[in-house]
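Here is a friendly walk through one protein model, with pockets, hairpins and a nonpolar core as the stops along the way. Keep the viewer open as you read.

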Amino acid sequence: MKTTDDTGAARPPHRRRVVIGAVAAAVVVASALTVTAWQDDDGRPDTAGGAAVRTATAVVTRGDLSNAQTLEGTLGYGRATTVKGGGAGLITWLPATGATIRRGEPLYRVDDVPVPLFYGGTPLFRPLETRGTTGPDVRTVADNLRKLGYDIGAQPAVGTWVTPRPSTAAGSSTVSTATTAPPGPDTANPSPDATRTPPPAPTPTPVQVKRGDAVLTADLIAAVRRWQTATGIPSTGVLGVGDIAVLSGAVRVEGVAAQLADPADGPLMTVTSTTKSVTVPVDPSGAGSMRRGDTVTVSLPDDSTAPGTIASIGATVRSTDASSGDDSSGQPRLTVGIALRDTAAVRGLNSAPVQVQFTSETRENVLTVPIGALTALREGGYAVQLPDGRLVAVRTGMFSKGVVEVSGAGISAGTRVVTTS
């Protein structure tokens with residue numbers, strides 16, 4: 001039976017209707033003219049029944065294709081940390097804002113005694129005076145004195161049992177052996193209490209050295225004394241809570257909160273890392289494709305770019321500051337830290353808004369065509385049209401930046417295809 005087209009004219013059977021146009025996929029949002037066409041049995045489209053559309057040709061290219069998203073970030077020194085004093089006394093010296101403090105250097109002074117900076121993860125939480133004291137706070141002292149060039153001697157191996165040895169003098173390894181009280185006023189007729197033997201001291205409990213611990217040995221106590229003498233600290237061999245400031249590394253003073261003569265046991269200053277980096281608030285749903293070590297591109301205010309890598313991905317979701325004025329104010333975000341490979345590019349900047357381009361997926365050595373070259377077939381699948389009108393079926397892959405990955409028989413690099421203009 002004969003069929004007719006939309007104008008009433010007869011047309012041969014076995015023709016299929018297809019739609020030619022742009023396709024939106026993944027993060028690509030594209031819009032283009034759409035035209036209906038009739039395809040003859042020989043694979044040539046007949047556009048007599050559809051609206052006219054301007055077309056052009058494009059070349060199939062081979063190369064790498066990647067999906068990328070650009071997010072707003074901030075160049076700076078990272079999140080500031082508040083430093084609190086840990087001991088009694090009055091503040092007698094504070095560093096200037098912007099100063100850099102490194103291992104062994106005084107971070108502040110209390111009663112005119114320097115409080116040096118040590119690197120580590122465990123601060124002093126007890127006096128270190130008893131030989132045999134074991135723990136991660138001792139490790140902080142041992143590691144820093146070694147890094148500062150002091151000989152701390154050998155340390156007991158992990159698993160060793162150590163018995164603390166209380167002393168009557170700082171650094172002494174002896175225990176008092178007195179068994180009687182000193183003579184009273186009447187030595188000829190001592191009272192019963194004067195001759196009573198004092199109770200024995202409690203026997204120290206052995207402690208096993210765990211991984212991450214160090215032991216306060218006689219050599220380590222001697223090293224503490226030498227370091228105290230060189231630093232201008234009273235050479236007692238004892239370290240008390242607040243005698244040193246323990247932070248993760250060298251710091252830059254962001255701001256000073258205390259004043260001279262303030263008590264030393266309150267907030268003193270805020271510090272940051274000494275290395276410039278970029279922080280980016282990221283929607284938690286978009287952070288899943290990011291990995292530590294991934295390469296990013298940072299666009300700076302002067303339109304230059306600097307390469308970077310993802311250094312950290314926060315595990316805590318925070319709401320952005322509603323007063324910041326950006327579109328994400330008040331929304332939950334994860335903080336992603338970016339380490340800059342080229343610090344010379346930001347030498348003259350302390351803080352600035354930047355843009356960071358993240359690449360979530362890369363396809364290497366693939367064939368690509370403009371999205372407008374795709375023909376969506378009514379029966380499913382896609383094709384591209386050659387300049388002579390023939391359609392070649394293709395399989396699509398990644399969509400990115402207006403182009404799409406394609407593969408299939410009859411298409412190769414250099415092939416010309418019809419696309420919307």
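## A pocket to begin with

The second largest pocket has a volume of about 300 Å³. Its lining is made up of 19 residues, and the closest to the pocket centre are Lys-84, Pro-123, Ile-244, Ala-245 and Val-246. Please keep in mind that this is a predicted model.

Which strands build this lining? Strand E8 (81-84) and strand E17 (245-247) each supply at least two residues of the lining of the second largest pocket. The largest share, four residues, comes from E8. Sorted by class, the lining divides into nine nonpolar, nine polar and one charged residues.

## From the pocket to strand E12

Strand E17 also leads us to another part of the fold. E12 and E17 run parallel and are joined by three bridges. One pair to look for is Tyr-119 with its bridge partner in E17, Leu-247.

Is E12 mostly covered or mostly open? E12 is mostly covered, with six of its seven residues buried.

E12 has a further partner in E11: these two strands pair in the antiparallel sense over four bridges. Here Tyr-108 has Val-115 in E12 as its bridge partner. Together E11 and E12 form a hairpin with two residues between them.

## Two hairpins to set side by side

The second hairpin in this tour is that of E28 and E29, which also has two residues between the strands. E28 and E29 run antiparallel and are joined by four bridges. Ser-400 is bridged to Val-403 in E29. Val-403 is also the bridge partner in E29 of Pro-370, and E25 and E29 pair in the antiparallel sense over four bridges.

What is the backbone doing in the two turns? Most residues other than glycine have a negative phi. Asp-111, in the loop between strand E11 (106-110) and strand E12 (113-119), has a phi near 50°, a positive value in a residue other than glycine. Lys-401, in the loop between strand E28 (391-400) and strand E29 (403-407), likewise has a positive phi, near 50°.

The table gives the accessibility of these two turn residues, along with that of a strand residue we come to later.

| Residue | Relative accessible area | Class |
|---|---|---|
| Asp-111 | 47% | partly exposed |
| Lys-401 | 63% | exposed |
| Tyr-382 | 27% | partly exposed |

The cut-off for exposed is over 50%. Lys-401 counts as exposed because its relative accessible area is 63%, whereas Asp-111 is classed as partly exposed because its value is 47%.

## The largest nonpolar core

In soluble globular proteins, nonpolar side chains tend to be buried together. The largest nonpolar core in this model has 20 residues, and those with the most contacts inside it are Val-278, Val-298, Ile-338, Val-356 and Phe-358. Five strands each supply at least two residues of this core: strand E20 (277-282), strand E21 (295-299), strand E22 (305-313), strand E24 (332-340) and strand E25 (352-370).

Which residues surround Val-278? Leaving aside its neighbours within four places in sequence, Val-278 is in contact with residues including Val-298, Ile-338 and Val-356. Gly-73, Thr-74 and Leu-75 are also among the contacts of Val-278, as are Val-336, Gly-337, Leu-340 and Val-354.

## A cavity lined by Phe-358

How many cavities of 30 Å³ or more are there? The count comes to one, and about 30 Å³ of space lies in the largest cavity. Ser-289, Met-290, Asp-294, Thr-295, Val-296, Ile-310, Phe-358 and Thr-359 line this cavity. E21 and E25 each supply at least two of the lining residues. By class, the lining has four nonpolar, three polar and one charged residues.

Phe-358 therefore deserves a second look in the viewer: Phe-358 lines the largest cavity and is one of the residues with the most contacts inside the largest nonpolar core.

## One last stop at Tyr-382

Tyr-382 lies in strand E27 (residues 382-385). With a relative accessible area of 27%, Tyr-382 is partly exposed. The C-alpha atoms of Tyr-382 and Thr-396 are separated by 7.6 Å, and the two residues are 14 residues apart along the chain.

How values were computed: Residues are numbered from 1 along each chain as its sequence is written. This is a predicted model: local features need pLDDT of at least 70, side-chain atom pairs count only at pLDDT 80 or more; totals for chains, interfaces and linings use all residues. Side-chain values use heavy atoms; hydrogens and water are left out. A nonpolar core is a set of buried Ala, Val, Leu, Ile, Met, Phe, Trp, Tyr and Cys residues joined through side-chain atoms within 4.5 Å. Buried means under 20% relative accessible area, exposed over 50%, partly exposed in between (1.4 Å probe, protein chains only). Contact means heavy atoms within 4.5 Å. On a 1 Å grid over the protein atoms alone, a cavity is a set of points where a 1.4 Å probe fits but cannot get out, and a pocket is an open set with protein on both sides within 12 Å along at least five of seven lines; lining residues have an atom within 4 Å of a point. Grid points are joined across faces, edges and corners, and a volume is the space filled by probe spheres set on the points. Ala, Val, Leu, Ile, Met, Phe, Trp, Tyr, Cys and Pro count as nonpolar, Asp, Glu, Lys and Arg as charged, and the others, Gly among them, as polar. Two strands pair if DSSP finds at least two bridges between them.
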